[in-house]
Amino acid sequence: MTQTLNPTLVRSTRSEHLITDFTTALPADAVSATPVQDKWALIPYEGKAISGKMLWSPAQNNPPDLTIPLPKFGLCKIHVGIYVSGTWPWYFNLIGVYGQKSSWVRLHVKTSDQDFFEEVQPNNHPEEERLGYITETYYKTLDLQGQSLVVAPPRKAAYQGLTCAFLAHIRLEPVEQPEAWPVATKKLHAYFDSNFFGHYVSSEADVRSMLAPLKDSDYGTIFWTACREDSCYYPSKVGNPLPPTSMKGVYPYWMGEDMHKMLAAGKDPLKVVCDVGHEYGLKVFASYRRMTCRMPPFVFPLHPDAMFMTRHDLWCADPQGNPVPHLSIAYPEVRKRMVDLFVEQATNYDIDGVHLYFSRSVPFVYYERPFLEMFQSLYGFDARTLPESDERIGKARAACFSPLLREMRQALDAVGQQRGKRFEIAMHAQNSIRNCLYYGIDLVQIAQEKLLDTYYPDMSAFLPDEMGPKNPTPELTAEIVKMAKGTGMKIVPFFPVNKAFATGPALSEQFYAAGVDGLDPGHPTPYSPSWQVQRRLGHRADLASLATRSSEWERIVRFEKVAGMTIDLHTGVTTCG
């Protein structure tokens with residue numbers, strides 16, 4: 001439950017300090033009392049609990065960064081009040097319904113001694129009466145010794161027409177000591193698919209913006225996508241680096257542009273991720289993600305010279321021999337390209353291991369010639385006479401798939417001998433032993449051969465319904481844990497806490513009770529109320545109390561007037577009349 005801000009917080013006390021009037025923000029000429037293009041608009045609001053003058057940057061606006069002086073309060077929790085309930089731009093009705101999300105309101109925040117912005121994403125509360133409330137969201141705890149708070153709207157192209165920024169108040173809450181994040185709680189793992197709303201990192205500041213929140217958290221391991229098949233997010237000699245330009249409007253066309261901005265500044269994205277990640281105490285895995293056509297179809301961000309584009313003879317095939325748009329791991333050429341990429345990454349970068357994101361872009365092996373020949377050699381008849389769910393189909397697919405992991409292990413061990421370190425291998429795939437085998441991933445064999453260091457049971461979104469549950473559950477994960485016992489393979493299940501953070505702590509405890517080695521609670525979404533739960537899920541002893549602490553991280557602040565007008569949907573301010 002959220003908590004209403006107490007009226008006494010509109011003054012400075014020994015316990016907290018509230019800033020509500022931003023007429024003193026600098027530069028002064030970047031703020032206007034009425035909406036002016038590329039300036040912040042200053043909007044007065046009044047209420048029994050709080051009054052002030054909030055800042056607003058509407059969509060398609062590009063004002064300067066604003067600096068707001070903060071008092072020397074020492075160690076403080078910083079809470080940011082954002083007017084989420086304001087009506088979104090009218091043209092948003094083309095793409096959604098008001099009240100579903102608040103992601104169209106985003107505020108970039110940093111302190112003046114910080115080199116990069118971070119994003120605060122407040123929750124929307126459609127159960128509240130429209131227009132008359134502010135959502136106050138906890139940002140972070142810092143030692144305030146005269147710094148200022150700097151705010152900005154999101155500036156990347158994908159956000160320009162679709163987001164606005166508000167700042168209604170700042171609340172500082174002194175605390176005696178910072179929160180501790182001991183090594184023993186670093187049980188959380190995060191996957192970054194390197195497609196950030198169509199963008200990619202274009203500077204070291206972008207990398208720090210994404211990874212810095214994990215420093216003060218229970219996260220200890222990240223997977224950073226280094227390539228989508230052989231289309232690469234670094235200056236590869238083996239694969240094809242993303243092109244600097246592409247057709248405008250073909251999503252996500254900004255990715256190559258962003259990467260080449262970084263390269264032009266003399267920064268290698270993958271090296272920066274490794275350096276910053278290790279600086280923040282994170283293990284960094286270079287991740288491989290498969291890619292296929294988008295409909296209607298087009299293939300960006302695949303490079304035009306990607307193997308997927310030039311070697312259709314290496315695609316999967318259905319039982320009738322029709323092409324299926326996935327490279328087949330049954331072909332040695334495909335496996336070699338994959339292994340060569342991993343070897344390049346392990347040779348040239350300070351990664352801790354490599355990662356296969358194999359919960360999507362299925363199948364890996366289907367009914368193409370090498371599979372049919374493998375099945376014939378194992379069982380002596382045509383695989384196409386059996387239903388696809390027959391275990392023998394999975395076993396024959398596994399005989400085509402498992403060589404990839406063997407070849408990876410051998411090649412990475414050779415690099416490891418040269419570099420004096422061992423590279424771990426991790427993989428996300430399906431949610432159960434049975435569903436893995438359906439796609440040719442024989443987890444039992446893989447564990448016994450010690451081909452994987454860590455396995456991540458993930459959502460099995462594309463499985464046929466008759467295959468049963470598609471999400472990781474404590475019960476299905478317990479079967480995998482039991483199977484892997486004694487093999488050294490760690491089990492870390494995925495479940496998206498950011499979509500169900502109220503139930504996340506209880507489900508986390510169920511997974512821990514099943515014997516898992518850690519959790520992958522979904523893509524980190526700092527700084528939001530769900531993030532405050534998400535980043536603490538390694539503190540197993542504290543899980544039961546997390547659900548009762550929501551008021552520490554979010555409050556609702558109500559007011560009655562805006563711009564001198566009463567907010568009353570019956571007689572006062574309405575929407576479009």
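**Exercise 1. The contact of α7 with α8**

Determine which residues of α7 meet which residues of α8 in this predicted model, and describe how the helices pack.

*Solution.*
Step 1. On the side of α7, the residues in contact are Pro370, Phe371, Met374, Phe375, Leu378 and Tyr379. They meet Arg392, Ile393, Lys395, Ala396, Arg397, Ala399 and Cys400 of α8.
Step 2. Sorted by character, the residues of this contact comprise 10 nonpolar, no polar and 3 charged.
Step 3. Two packed helices are described by the angle between their axes and the distance between the axes. For α7 and α8 the angle is about 115° and the axes lie 9 Å apart. Their crossing is right-handed.

**Exercise 2. The buried residues of α7**

Identify the buried residues of helix α7, and name a helix that covers them.

*Solution.*
Step 1. Helix α7 spans residues 369-379, and its buried residues are Pro370, Phe371, Leu372 and Phe375.
Step 2. An α-helix has 3.6 residues a turn, so residues three or four places apart point the same way.
Step 3. The cover over the buried residues of α7 includes α8, residues 391-419.
Step 4. Just after α7 comes Gly380, whose phi is positive, at about 80°.

**Exercise 3. An open sheet**

State the strand order of the open sheet of 4 strands, and explain why β6 and β9 each have one side without a neighbour.

*Solution.*
Step 1. The order is β6-β11-β8-β9, with antiparallel pairing.
Step 2. The edges are formed by β6 (66-69) and β9 (118-120); each has a single partner strand, so one side of each is left without a neighbour in the sheet.
Step 3. On average, neighbouring strands in this sheet are turned by 35° against each other, direction ignored.
Step 4. Strand β8, residues 107-111, runs antiparallel to β9 and is joined to it by 3 bridges. Within this pair, His108 stands opposite Glu119 of β9.

**Exercise 4. A hairpin**

Describe the pairing of β19 with β20 and the hairpin that they form.

*Solution.*
Step 1. Strands β19 (residues 315-317) and β20 (residues 323-327) run antiparallel, joined by 3 bridges.
Step 2. Opposite Cys316 stands Val324 of β20.
Step 3. The hairpin has 5 residues between its strands, and Gly321 takes a positive phi near 90°.

**Exercise 5. Positive phi outside glycine**

Decide whether Phe197 and Glu229, residues with positive phi, are buried or exposed.

*Solution.*
Step 1. Phe197 has phi near 55° and belongs to the loop between β14 (188-192) and α2 (204-215). Its relative accessible area is 52%; because exposed means over 50%, Phe197 is exposed.
Step 2. Glu229 has phi near 55° and sits in the loop between β15 (219-228) and β16 (231-232). Its relative accessible area is 2%; because buried means under 20%, Glu229 is buried.

**Exercise 6. Cis peptide bonds and cysteines**

Locate the cis bonds that lead into Pro27 and Tyr527, and report how many disulfides a search of the whole structure finds.

*Solution.*
Step 1. The bond from Leu26 to Pro27 is cis, with omega near 0°. Pro27 lies in the loop between β2 (17-19) and β3 (31-32).
Step 2. The bond from Pro526 to Tyr527 is cis, with omega near -15°. Tyr527 lies in the loop between α12 (504-513) and α13 (529-534).
Step 3. The search finds 0 disulfides. Among the cysteines, Cys76 is buried at 0% relative accessibility, and Cys164 is buried at 3%.

Key: Residues numbered from 1 in each chain as written. Predicted model: local features only at pLDDT ≥ 70, side-chain atom pairs only at ≥ 80, totals over all residues. Heavy atoms only, no water. Buried < 20%, exposed > 50% of the residue type's maximum accessible area, 1.4 Å probe, protein only. Helix = DSSP H or I, 4+ residues; strand = E, 2+ residues; numbered from the N terminus. Contact = heavy atoms within 4.5 Å. Disulfide = S-S within 2.5 Å. Axes fitted to C-alpha atoms, helices over the stretch in contact; angles between N-to-C directions. Left-handed = near helix turned anticlockwise from the far one by under 90°. Nonpolar A, V, L, I, M, F, W, Y, C, P; charged D, E, K, R; others polar. Pairing = 2+ DSSP bridges.
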